[in-house]
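Here's a quick walk through one model, with an eye on its rings, one of its helices and a pocket. Have a look at the structure first, then read on.

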Amino acid sequence: MKVGPAIFSQAEDRGDKVKELSEKHLVPWMSKLEARLDKTKFICGDSLCVYDMSVAGVISNLILNPNAKDAEYWKTLWAAAPARVKKYHEDFEAEMKDYLDKRVKTSTM
């Protein structure tokens, strides 16, 4: 509910909306994710679950998407992300490598 209005906005203040989204919601979200991953590889343990698809999907399809309208902005957000969140996504990509290598990579989310 928070992501869509900002990233799909066509308004002149879209950049401000994206920045507000990241500062108010995505940065705290990553901190909570970091805490959740304190003792597990993935959200519910050492195996992927449906929640990982959703959470890692936001990282893959929005924050790390080189085709995103705000790709440069998202790079700065990712650079400041907690190391544990980065490791989580790295592990996700390793587990999902076959799928991720074959999927269409043209989304501009």
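## Ground rules

Helices here are DSSP runs of H or I with at least four residues, numbered from the N terminus. Keep in mind that this is a predicted model.

## The largest pocket

Let's start with the open space. The largest pocket holds about 270 Å³. Its lining is made up of 15 residues, and S60, L64, P66, R103 and K105 are the ones nearest the centre.

Which helices supply at least two residues each to that lining? They are α3, α5 and α6 (97-102). The biggest share comes from α6, which gives 3 residues.

## Helix α3

S60 brings us to α3, as it is listed among the buried residues of that helix. The others on the list are D52, V55, A56, G57, I59, L62 and I63. As for what covers these buried residues, the set includes α1 (3-7), α2, α4 (71-79) and α5.

How does the length work out? The expected span is 1.5 Å times one less than the number of residues. With 14 residues, α3 should therefore span 20 Å, and its end C-alpha atoms sit 19 Å apart, which agrees. The helix does have a kink of about 30°, centred on A56, and A56 is one of the buried residues as well.

## Aromatic pairs

Ring centres have to lie within 6.5 Å to count as a pair, and planes over 60 degrees apart make it edge-to-face. By that rule there are 2 aromatic pairs. In one of them, F42 meets Y88 edge-to-face, with 6.2 Å from centre to centre and 70° between the planes. F42 sits in the loop between α2 (14-36) and α3 (50-63), while Y88 belongs to helix α5 (residues 83-95), so this pair ties together parts that are 46 residues apart in sequence. Are these two rings' residues buried or exposed? F42 has 0% relative accessibility, so it counts as buried, and Y88 is buried too, with a relative accessible area of 0%.

Then there's Y73 with W74: the ring centres are 5.5 Å apart and the planes lie at 70°, so this pair is edge-to-face. Here the burial is mixed, and the cut-off for buried is under 20% relative accessible area. W74 has 1%, so it is buried, whereas Y73 has 27% relative accessibility and so counts as partly exposed.

Notes
Residues are numbered from 1 along each chain as its sequence is written. This is a predicted model: local features need pLDDT of at least 70, side-chain atom pairs count only at pLDDT 80 or more; totals for chains, interfaces and linings use all residues. Side-chain values use heavy atoms; hydrogens and water are left out. Rings of Phe, Tyr and Trp (its six-membered ring) pair if their centres lie within 6.5 Å; planes under 30 degrees apart count as stacked, over 60 as edge-to-face and the rest as tilted. Buried means under 20% relative accessible area, exposed over 50%, partly exposed in between (1.4 Å probe, protein chains only). The bend at a residue is the angle between axes fitted to the seven residues ending there and the seven starting there. Contact means heavy atoms within 4.5 Å. On a 1 Å grid over the protein atoms alone, a cavity is a set of points where a 1.4 Å probe fits but cannot get out, and a pocket is an open set with protein on both sides within 12 Å along at least five of seven lines; lining residues have an atom within 4 Å of a point. Grid points are joined across faces, edges and corners, and a volume is the space filled by probe spheres set on the points.
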